[in-house]
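Subject: Structure handover and notes

Dear colleague,

I am passing on the structure that we talked about, and I would be grateful if you could open it beside this message and read the two together. The notes that follow are meant to be checked against the view on your screen, one part at a time.

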Amino acid sequence: MLMRLSQIPWNTLKETPADAEVVSHQLLLRAGLVRRLTAGIFTWMPFGLKVLRKVEAVVREEMNRAGAVEVLMPAVQPAELWQETGRWDRYGDLLLRIRDRHERDYCFGPTHEEVITEVARRELRSYRQLPVNYYQIQTKFRDEIRPRFGLMRAREFIMKDAYSFHLDQASLETTYQAMAEAYARIFRRLGLRFRSVEADSGEIGGARSQEFHVLAESGEDAIAWCDGDSYAANIEMAAALPPSAPRPDPSAALAKVATPKSRSIDEVAAELKVAPERCVKILVVEGTDGGVVALALRGDHSLNAAKAQRLSQVKTPLTLASPERVTSATGAPTGFVGPVGLRVPLIADHSALAIADFVAGANEAGFHHTGVNWGRDTPVPAAADLRNVVAGDPSPGGGGALAIARGIEVGHIFQLGDKYSRAMNAVVLDEDGKERPTIMGCYGIGVSRIVAAAIEQNHDANGIVWPGPMSPFDVTLLVLNPKNAEAVTAAAESIYVQLSGAGLDVLLDDRDARPGVKFAEADLLGVPHRLVVGDRGVREGLVEYRNRASGAEEKVAIDDVGKFILARLSTAAAA
């Protein structure tokens, strides 16, 4: 396919827009791929839409290959369905609620569990129709309180969501694994570096889930991984193993010291000249019985909220107790709470239980204890995994140490169980003629978010560096001074015939613009392969080739251009 820039209104920006905080947002706007309509809502311009459609095509091909069947569900959903599952109230302000002229309540769908379950309870009657996996590629809307980072956290976005229905867990496991493999193929085909990780199911619900992250320094999510055993998990789910060495015996006497100006771990450690890892901090949170619960962590570790709120004693969502509640329950203000003489239930992280002679609050304003020891000065509390893992922790897979990387979540698969089917009475008849609620799986990919994530992972100081499968074009063909050199224009047309005849997608820059402008904008757009046709080269029967990613340049005979570019594309695809 040929596109002539002289016939397309393509506008780029030299300056970075002030409200564009991350690289992908900046480059999408500067390269003219999207334009902002209002906060978190964008128009896809022609070249950006080409990228989006290429992503959609790969997603669709792999979903079809995995046996899913495509449908298209309404974007606007009646409130009654969401009320059946209880999510009309629980989903909160992210749900864009609308009302029609008859005063009936609807929402603009952020997800489609309710709608597809309505489809299933009408269409699926027998176990013989199972399993089935429906998918769609469609616009969603989530009313983010502060949309930011361009397509990374937009309010309106394009998503592929799929929903499978099964008679039993074994069948769900088979489809779940097939979807995990399909997702891996999608991201490999798109040329992205990614990791699949164990994850928390969050609002969607279900017993098991897995996230897919494109690796990028700008990623909002931290993931823990180990090359030695292929273990990978979102920080929310990564297990921190108990220390293997036994706790040392006490060697210091318990003492109370005045610390009137020190509350935080860093302040206390500095004043008492101890390392933060020799301290224990106590966080007081709301409990499920109406009281409070104390959680103990080593001073250099951070609480993992997802782990803490999975404890039966801890209220969900995790809520820190108010300063007044802390003082009333412990006798001390926040910052001075400690385990010795504590009058509320205490649960300690494994690492906190592994240290001896530590520093902790003395349950009295302005004082801390030194030389505290479990079992001697205070009972040994219940143990749990409460903390975020850190780089260097042993991998739960046993293959070495964990590393921490930043990732952008672009896919998430869930095992939903019967959460929605039971609430909405989506049942089928089993082999014995008895009604059974279907078992469900849910599989989402942020199609528009993939575009942004790819740029976050693939860019340089000059602009985007597209992975070949996502690039809006295979080749940019730059014609220098086309109005002043008929031979140059003729050579460019000849090259186009070669490339288009080979089935390549070509962007022909035939504008009457300065060479420097054309070079800069070609780098900004980031097409992998660039050809330059100029007067001197044409006289020599040559064109100049440049690889966008490596910067490598070479001269190619005009008659060999088609074969040359095809070889480069073939090499890139095999890499």
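Strand β2 (residues 34–38) and strand β3 (residues 41–44) pair in the antiparallel sense, and four bridges join them. Within this pair, V34 is the residue that stands opposite W44 in β3. The two strands form a hairpin with two residues between them, and in that hairpin G40 takes a positive phi near 75 degrees. Please keep in mind throughout that this is a predicted model.

Another group of strands can be found further along the chain. Here four strands make up an open sheet in the order β15-β16-β17-β20, and their pairing is mixed. Because β15 (280–286) and β20 (382–384) stand at the edges with a single partner strand each, one side of each is left without a neighbour in the sheet. From one strand to the next, the twist averages 30 degrees. As a reminder for reading such a sheet, strands pair through backbone hydrogen bonds, and they may do so either parallel or antiparallel. The pairing of β17 (residues 346–349) with β20 is of the parallel sense and runs over three bridges, and I347 is found opposite A382 in β20.

Turning to the helices, how do α2 and α12 lie relative to each other? Helix α2 (residues 46–65) packs against helix α12 (residues 447–457) at an angle of about 115 degrees, with the axes 9 Å apart, and α2 and α12 are therefore roughly perpendicular to each other. The crossing in which α2 passes α12 is right-handed. Helix α2 also meets helix α6 (residues 169–189), where the axes come within 9 Å and cross at roughly 150 degrees. Angles over 145 degrees count as roughly antiparallel, and that is therefore the relation between α2 and α6. This crossing of α2 and α6 is right-handed.

Helix α6 comes up again in the empty spaces of the model, since α6 and α16 (561–574) are the elements that give two or more residues to the lining of the second largest pocket. About 650 Å³ of space lies in this pocket. Its lining has 25 residues, of which P467, G468, P469, A572 and A573 lie nearest the centre. The largest share of that lining, three residues, comes from α16. By class, the lining of this pocket divides into 12 nonpolar, seven polar and six charged residues.

Which cavities does the structure hold? There are two of 30 Å³ or more. The largest cavity has a volume of about 60 Å³, and among the residues that line it are L5, W10, T476, D509 and A522. The elements giving two or more residues to this lining are β27 (475–479), β28 (506–509) and α14 (515–525), and the largest share, four residues, comes from α14. Six nonpolar, one polar and four charged residues make up the lining of the largest cavity.

The second largest cavity holds about 40 Å³ of space, and its lining consists of T476, A522, D523, V527, R530, R546 and R548. T476 and A522 therefore appear in the linings of both cavities. The residues of the lining of the second largest cavity are two nonpolar, one polar and four charged.

With best wishes

Note on methods
Residues numbered from 1 in each chain as written. Predicted model: local features only at pLDDT ≥ 70, side-chain atom pairs only at ≥ 80, totals over all residues. Heavy atoms only, no water. 1 Å grid on protein atoms, 1.4 Å probe; cavity = no way out; pocket = protein on both sides within 12 Å on 5 of 7 lines; lining within 4 Å. Points joined across faces, edges and corners; volume = space filled by probe spheres on them. Nonpolar A, V, L, I, M, F, W, Y, C, P; charged D, E, K, R; others polar. Pairing = 2+ DSSP bridges. Axes fitted to C-alpha atoms, helices over the stretch in contact; angles between N-to-C directions. Parallel < 35°, antiparallel > 145°, perpendicular 65-115°, else oblique. Left-handed = near helix turned anticlockwise from the far one by under 90°.
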